[in-house]
Amino acid sequence: MRRYSDKPFTVEGVLKLSGNLGAIIEMDGEGYWLTSLNRKTRKLLNHRIRATGIRVGFNDFDIREVVVVGFE
């Protein structure tokens with residue numbers, strides 16, 4: 001069983017809904033993080049965000065704090 005770190009880190013990208021994957025943070029260039037939406041983050045769809053959180057799976061990111069950087 002692979003163990004993931006509890007150390008928080010920050011990612012920046014556009015919060016989007018993907019048809020197959022659900023909510024993702026799409027980073028510049030390539031790559032993405034899967035995440036879940038709540039009331040606060042649902043309002044930020046299609047916004048560029050800087051999110052701080054922890055890794056909870058191979059490509060899964062649990063957002064703990066979010067800052068809006070811009071609108072796509």
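A polar contact here is a pair of N or O atoms within 3.5 Å, where one must be able to donate a hydrogen and the other to accept it. Keep that in mind for the first close-up; everything shown comes from a predicted model.

**View 1. Arg 55 reaches for two backbone oxygens.** The side chain of Arg 55 gets to the backbone oxygen of Gly 57 at 3.1 Å. That same side chain also reaches the backbone oxygen of Phe 58, this time at 2.6 Å. Both distances fit inside the 3.5 Å cut-off, so each one can be read as a polar contact.

**View 2. Who sits around Arg 55.** Arg 55 belongs to strand 4, and with 24% relative accessibility it counts as partly exposed. Set aside the neighbours within four places in sequence, and Arg 55 is in contact with Tyr 4, Ser 5, Phe 9, Trp 33 and Asp 60. Leu 34 is a handy reference point too: Arg 55 and Leu 34 are 21 residues apart in sequence, yet their C-alpha atoms are 9.9 Å apart in space.

**View 3. Trp 33 and Phe 61, ring to ring.** A pair of aromatic rings is described by the distance of the centres and the angle of the planes. For Trp 33 and Phe 61 that works out to 5.8 Å centre to centre and 50° between the planes, a tilted pair. Trp 33 lies in strand 3 (residues 32–34) and Phe 61 in strand 5, so this pair ties together parts that are 28 residues apart in sequence. Trp 33 has 12% relative accessibility and counts as buried; Phe 61, at 2%, counts as buried as well.

**View 4. Phe 9 joins the rings.** Zoom out a bit and ring pairs link Phe 9, Trp 33 and Phe 61 into a cluster. The count for the model comes to three aromatic pairs.

**View 5. The largest nonpolar core.** Eleven residues make up this core: Val 11, Leu 15, Ile 25, Trp 33, Leu 44, Leu 45, Ile 49, Ala 51, Phe 61, Ile 63 and Val 66. Two or more residues each come from strand 1 (9–18), strand 4 (47–55) and strand 5 (61–71). Strand 5 gives the most, with three residues.

**View 6. Ile 25 and its contacts.** Ile 25 is one of the core residues. Not counting residues up to four places away in sequence, Ile 25 touches a long list of partners, including Val 11, Leu 15, Trp 33, Ile 49, Ala 51, Phe 61 and Ile 63. Gly 13, Val 14, Gly 31, Tyr 32 and Thr 35 are also among the residues that Ile 25 touches.

Definitions and conventions. Residues numbered from 1 in each chain as written. Predicted model: local features only at pLDDT ≥ 70, side-chain atom pairs only at ≥ 80, totals over all residues. Heavy atoms only, no water. Core = buried A, V, L, I, M, F, W, Y, C linked by side-chain atoms within 4.5 Å. Buried < 20%, exposed > 50% of the residue type's maximum accessible area, 1.4 Å probe, protein only. Helix = DSSP H or I, 4+ residues; strand = E, 2+ residues; numbered from the N terminus. Contact = heavy atoms within 4.5 Å. Phe/Tyr/Trp six-rings, centres within 6.5 Å; stacked < 30°, edge-to-face > 60°.
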